[in-house]
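Biologist: Could you pull up the model, so that we can go through it together?
Modeller: Here it is.

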Amino acid sequence: MSTAFMNQHTQSLAPGAANSPTPERQRWFLVLARNRESTLLVVLLLLIIGTGMAEPAFLSWHNARDVLLNVAITAILTAGMTVVMLMRHIDLSVSSTLGVTAYAVGSLFIAMPGLPVPLAIVAGVLIGLAAGGVNGALVTFGRVPSLVATLSTLYIFRGIDYAWVHGGQINATSLPDAFSHIATGNVLGLPILVIIAAVVLAGVGYYLKFFRGGREFYAIGSNPEAATLAGIRVNRRVFVGFLLSGALAGLAGVLWLARFGTVDASTGKGIELQVVAAAVVGSVAITGGVGNVWGATLGALLLGVINISLVVLRVSSFWQLAIQGALIVLAIVSDTLLSRRIAKWSMKKRELG
């Protein structure tokens with residue numbers, strides 16, 4: 001009996017061999033796993049088509065415009081959260097930073113009615129940078145876990161906002177028309193606010209993919225010890241990541257003011273959970289090192305469309321929250337199972353040479 005026959009016979013009796021997926025199935029599964037943004041896009045399109053069939057008014061341009069305006073601000077916050085999560089950290093203070101910034105920029109317009117809009121935007125970004133600097137200092141120099149540090153600043157910034165606002169609010173009538181035009185104006189049919197968000201997201205996505213600093217975020221999240229041995233200045237990079245997240249939250253605060261006009265001490269309250277949910281649904285791994293801005297943006301868009309679909313279909317607010325929670329759990333579980341399967345196949349492939 002030949003050796004080849006013995007080997008073939010042994011392989012056929014190997015445990016699990018009969019149940020192992022065929023190479024063709026493996027190939028399609030790997031292609032699907034490595035293009036999660038495409039999967040999200042398909043789910044999004046199916047959701048839009050399904051809701052449109054149930055309620056044709058959902059497919060109107062007016063509704064699509066509202067979705068884009070609402071998601072644009074969340075997507076900017078999600079981009080900053082993506083940067084932080086890539087390094088195995090989290091920034092829960094983005095909602096408070098947004099609220100403080102929105103009120104501060106509105107107060108600037110009241111104190112200086114002739115303030116140029118670009119300067120107001122810069123002021124908002126600088127306020128966000130300061131908030132991000134506090135978070136970054138606590139995490140890198142204070143060695144405080146990011147969950148604890150940003151949860152603390154979430155309440156500290158909100159407390160400062162409440163003390164400052166003191167029951168008052170800023171109305172749209174206090175804002176110059178040129179500033180409100182950011183949300184109401186259009187260029188080639190698209191709202192200016194959406195175009196600003198698209199440019200920001202493209203810039204952050206390009207930086208993460210093609211610049212050394214952006215790649216270092218992934219390296220730190222994949223293996224902090226190896227990143228240190230490779231010469232990456234981990235603390236400085238983590239600090240920069242929190243600065244970036246804070247700056248984007250500041251910009252989101254300015255755009256929030258332009259979009260809604262009226263802000264008070266509760267502005268943006270609770271939005272940090274939506275941001276984390278969008279990043280997780282968009283395949284940004286909570287264990288770091290995996291994900292990108294485009295997936296996170298699709299996650300934000302998917303959640304935004306789901307929220308509006310549930311309202312259009314007259315689903316109660318309780319079930320809206322429950323469905324969001326279920327989506328987060330589903331995304332984390334599927335991502336974990338997918339990562340284990342890919343790692344198992346990669347190891348098997350290396351063993352077979």
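Modeller: Bear in mind that this is a predicted model. To begin with the helix packing, the axes of helix α5 (residues 94-111) and helix α12 (residues 234-260) come within 7 Å and cross at roughly 50 degrees.

Biologist: What does that make α5 and α12 relative to each other, oblique or roughly parallel?
Modeller: An angle under 35 degrees would count as roughly parallel and one of 65 to 115 as roughly perpendicular, so α5 and α12 are oblique to each other.

Biologist: And is the crossing of α5 and α12 left-handed or right-handed?
Modeller: Where α5 passes α12, the crossing is right-handed.

Biologist: OK, switching to charges. How many salt bridges does the structure hold?
Modeller: There are two salt bridges in the structure, and they link Arg212, Glu216 and Arg237 in a network.

Biologist: Start with arginine 212, then. How far apart are the closest N and O atoms in its salt bridge with glutamate 216?
Modeller: For arginine 212 and glutamate 216, the closest N and O atoms are 3.3 Å apart. Both residues belong to helix α10 (residues 212-222), and because they are four residues apart there, about one helical turn separates them.

Biologist: Are those two buried or exposed?
Modeller: They differ in class, since arginine 212 is exposed with a relative accessible area of 66%, whereas glutamate 216 counts as buried at 11% relative accessibility.

Biologist: And what about the salt bridge from arginine 237 to glutamate 216?
Modeller: In that pair the closest N and O atoms are 3.0 Å apart. Arginine 237 lies in helix α12 and glutamate 216 in helix α10, so this salt bridge ties together parts that are 21 residues apart in sequence.

Biologist: Why does arginine 237 count as buried?
Modeller: Its relative accessibility is 12%, and arginine 237 therefore falls in the buried class, which takes in residues under 20%.

Biologist: Last topic, the surface. Which residues make the nonpolar patch?
Modeller: Leu41, Leu45, Ile49 and Met53 make a nonpolar surface patch of about 420 Å².

Biologist: Take leucine 41 from that patch; where does it sit, and how accessible is it?
Modeller: Leucine 41 is placed in helix α3 (residues 36-54), and because its relative accessibility is 40%, it counts as partly exposed.

Conventions
Residues are numbered from 1 along each chain as its sequence is written. This is a predicted model: local features need pLDDT of at least 70, side-chain atom pairs count only at pLDDT 80 or more; totals for chains, interfaces and linings use all residues. Side-chain values use heavy atoms; hydrogens and water are left out. Patches are made of residues with over 30% relative accessible area and no salt bridge: like charges are joined within 9 Å, nonpolar side chains (Val, Leu, Ile, Met, Phe, Trp, Tyr) within 5 Å. Accessible areas come from the Shrake-Rupley method with a 1.4 Å probe; for residues, only the protein chains shown count as cover. A salt bridge is a side-chain nitrogen of Lys or Arg within 4 Å of a carboxyl oxygen of Asp or Glu. Helices (H or I, at least four residues) and strands (E, at least two) are DSSP runs, numbered from the N terminus. Buried means under 20% relative accessible area, exposed over 50%, partly exposed in between (1.4 Å probe, protein chains only). Axes are lines fitted to C-alpha atoms, for helices over the stretch in contact, and angles run from 0 to 180 degrees between N-to-C directions. Angles under 35 degrees count as roughly parallel, over 145 as roughly antiparallel, 65 to 115 as roughly perpendicular and the rest as oblique. A crossing is left-handed if the near helix is turned anticlockwise from the far one by less than a right angle, and right-handed if clockwise.
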